[in-house]
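The following exercises are intended to be worked with the sequence and the coordinates at hand. Please attempt each task before reading its solution.

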Amino acid sequence: MITEEQENKITDYLVAQQLSLDILVEIRDHMISQISDFQYKENISFEEAFLQIKESWSGEFKLVNYLLFYPTTIPLIAKKIIQEKYAGLFRKSLIIGLLALGINLLLIFTAQNQEVYNIFFKLLNGSFLLGSVLILVFNYKIWKYLKADFKYKGKSLYTMYQQNIGLLVVCASSMVQIVMKNGTYAYQFFREHNHSEVALTLITLIFPFILQTALVFAVFNFMEHKKNLVKMQEFLKPA
C-alpha cells in the first residue's frame with residue numbers, strides 16, 4: 001500500500017516534469033496504481049518499483065515543441081493528451097461556427113433590405129460577444145485561478161487549458177470590432193448582385209466565421225479549465 005509520504009514523492013517527481021496539474025493528477029493516479037501492482041507482483045520495495053516505473057515512463061516525459069498553443073517545450077505525454085482534448089473542442093467549435101455562417105447567409109436572403117440585415121449582422125455577432133462576457137462575469141470566482149500561483153508556484157499551471165485563457169479576451173475584444181461593422185459587402189453581393197468587391201465580400205463572411213469559431217473554442221477552453229479545477233481541490237489548498 002502506498003503511504004502519503006510516498007504519494008508526495010510521486011507528486012514531486014511529476015511536478016518536476018513540467019506537467020499542468022490536471023494532467024499531473026491523471027498520470028499520478030495511474031502511476032500509483034502501477035507501482036502498487038508492481039510491488040505486489042514482484043514483491044519489491046516502493047523505491048525499487050518507483051525507479052522501474054520512472055524508467056518505463058521516461059520517454060513520455062521527453063520535452064517536445066507544440067508551438068500552436070505553447071511557446072515553450074512540454075512533455076510528450078502532455079502534448080498527446082492536449083492534442084486529443086483540443087481536437088474534440090475544435091470540432092465542436094467548428095460546427096457552431098459553420099452553423100452561425102449558415103444563419104448569416106440565411107439572414108442575407110431573408111432581410112427586407114440592407115439596413116435590416118445590418119441589424120441582424122450586429123445581433124448575430126453580438127450574441128457571441130455577450131455570451132462570452134457573461135460567462136466570464138458569472139465565473140468571477142475562478143479568476144484567481146487564471147494565473148500560475150499556487151502551492152507549486154512557478155513550477156506548473158493549474159490546467160492544460162489555462163495557457164489559452166487569454167484567447168478568450170483577445171477574441172472577445174476582436175468581436176467588438178466586428179459588431180461595430182456592417183455586412184454591407186455580403187448583402188450587396190448576394191442580393192444586389194454587385195460583384196465588384198469580391199475580396200471584401202469574402203472578408204465580410206469568412207472573418208466573422210473564423211472569429212466566432214475561435215471565440216467558441218476559447219469559451220469551451222475556459223469551461224474545461226473550470227471543470228478541471230473542481231477535480232483538483234487538494235492541490236489548490238495553500239501549502
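The exercises below concern a predicted model, and each is followed by a worked solution.

**Exercise 1. Helix H2**

Task: Determine how the span of H2 relates to the expected value, and list its buried residues.

Solution.
- Step 1. H2 covers residues 21-42 and has 22 residues.
- Step 2. From its first C-alpha to its last, H2 reaches 30 Å, which is close to the 32 Å expected at 1.5 Å a residue.
- Step 3. The buried residues of H2 are Leu21, Asp22, Ile23, Leu24, Val25, Ile27, Arg28, Met31, Ile32, Ile35 and Gln39.
- Step 4. Asp37 also belongs to H2, but it is partly exposed, with a relative accessible area of 40%. The C-alpha atoms of Asp37 and Ala49 are separated by 9.1 Å, although the two residues are 12 apart along the chain.
- Step 5. Just after H2, Asn43 adopts a positive phi of about 55 degrees.

**Exercise 2. Salt bridges**

Task: State how many salt bridges the model contains, then describe the pairs Asp29 with Arg28, Glu60 with Lys80, and Lys227 with Glu224.

Solution.
- Step 1. The criterion is a side-chain nitrogen of Lys or Arg within 4 Å of a carboxyl oxygen of Asp or Glu. The count comes to four salt bridges.
- Step 2. Asp29 and Arg28 meet through their side chains at 3.8 Å, N to O. Asp29 is partly exposed at 43% relative accessibility, whereas Arg28 is buried at 8%.
- Step 3. Glu60 and Lys80 form a salt bridge of 3.3 Å, N to O. Glu60 lies in the loop between helix H3 (46-57) and strand S1 (63-64) and Lys80 lies in helix H4, so this pair ties together parts that are 20 residues apart in sequence. Glu60 is partly exposed, with 23% relative accessibility, and Lys80 is partly exposed, with 40%.
- Step 4. Lys227 and Glu224 form a salt bridge of 3.0 Å, N to O. Both residues lie in helix H8, three residues apart, about one turn of the helix. An α-helix has 3.6 residues a turn, so residues three or four places apart point the same way. Lys227 is partly exposed at 44%, while Glu224 counts as buried because its relative accessible area is 19%, and the cut-off for buried is under 20%.

**Exercise 3. The surroundings of Gln212**

Task: Establish whether Gln212 is buried or exposed, and identify the side chain that it meets in a polar contact.

Solution.
- Step 1. Gln212 is located in helix H8 (residues 198-231).
- Step 2. With a relative accessible area of 3%, Gln212 is buried.
- Step 3. Its side chain makes a polar contact of 2.8 Å with that of Asn125.
- Step 4. Apart from neighbours within four places in sequence, Gln212 is in contact with Gly97, Ala100, Leu101, Leu124, Asn125, Phe128 and Met175.

**Exercise 4. Helix H7 and its cover**

Task: Identify the buried residues of H7 and the helices that help to cover them.

Solution.
- Step 1. H7 comprises residues 184-191. Ala186, Tyr187 and Gln188 are its buried residues.
- Step 2. The cover over these residues includes helix H4 (76-110), H5 and H8.
- Step 3. Thr184 lies in H7 and touches Gln114 and Asn118, not counting residues up to four places away in sequence. Thr184 and Thr204 are 20 residues apart in sequence, with their C-alpha atoms 8.1 Å apart.
- Step 4. Leu105, in helix H4, is 81 residues from Ala186 in sequence, yet the C-alpha distance is 8.7 Å. Leu105 is partly exposed at 29%; leaving aside neighbours within four places in sequence, Leu105 contacts Phe190 and Leu205.
- Step 5. Just after H7, His193 takes a positive phi of about 55 degrees.

**Exercise 5. A nonpolar surface patch**

Task: Name the residues that make the nonpolar surface patch, and place Val137 in its helix.

Solution.
- Step 1. Leu130, Val133, Leu134, Val137 and Phe138 make a patch of about 470 Å².
- Step 2. Val137 lies in helix H5 (residues 114-138).
- Step 3. The relative accessible area of Val137 is 43%, so this residue is partly exposed. Membership of a patch requires over 30% relative accessible area.

How values were computed. Residues numbered from 1 in each chain as written. Predicted model: local features only at pLDDT ≥ 70, side-chain atom pairs only at ≥ 80, totals over all residues. Heavy atoms only, no water. Patch = residues over 30% accessible without salt bridge, like charges linked within 9 Å, V, L, I, M, F, W, Y side chains within 5 Å. Areas by Shrake-Rupley, 256 points an atom, 1.4 Å probe, with all protein chains shown as cover. Helix = DSSP H or I, 4+ residues; strand = E, 2+ residues; numbered from the N terminus. Buried < 20%, exposed > 50% of the residue type's maximum accessible area, 1.4 Å probe, protein only. Contact = heavy atoms within 4.5 Å. Expected span 1.5 Å × (residues − 1). Polar contact = N/O pair within 3.5 Å; in protein donor to acceptor, adjacent residues only side chain to side chain.
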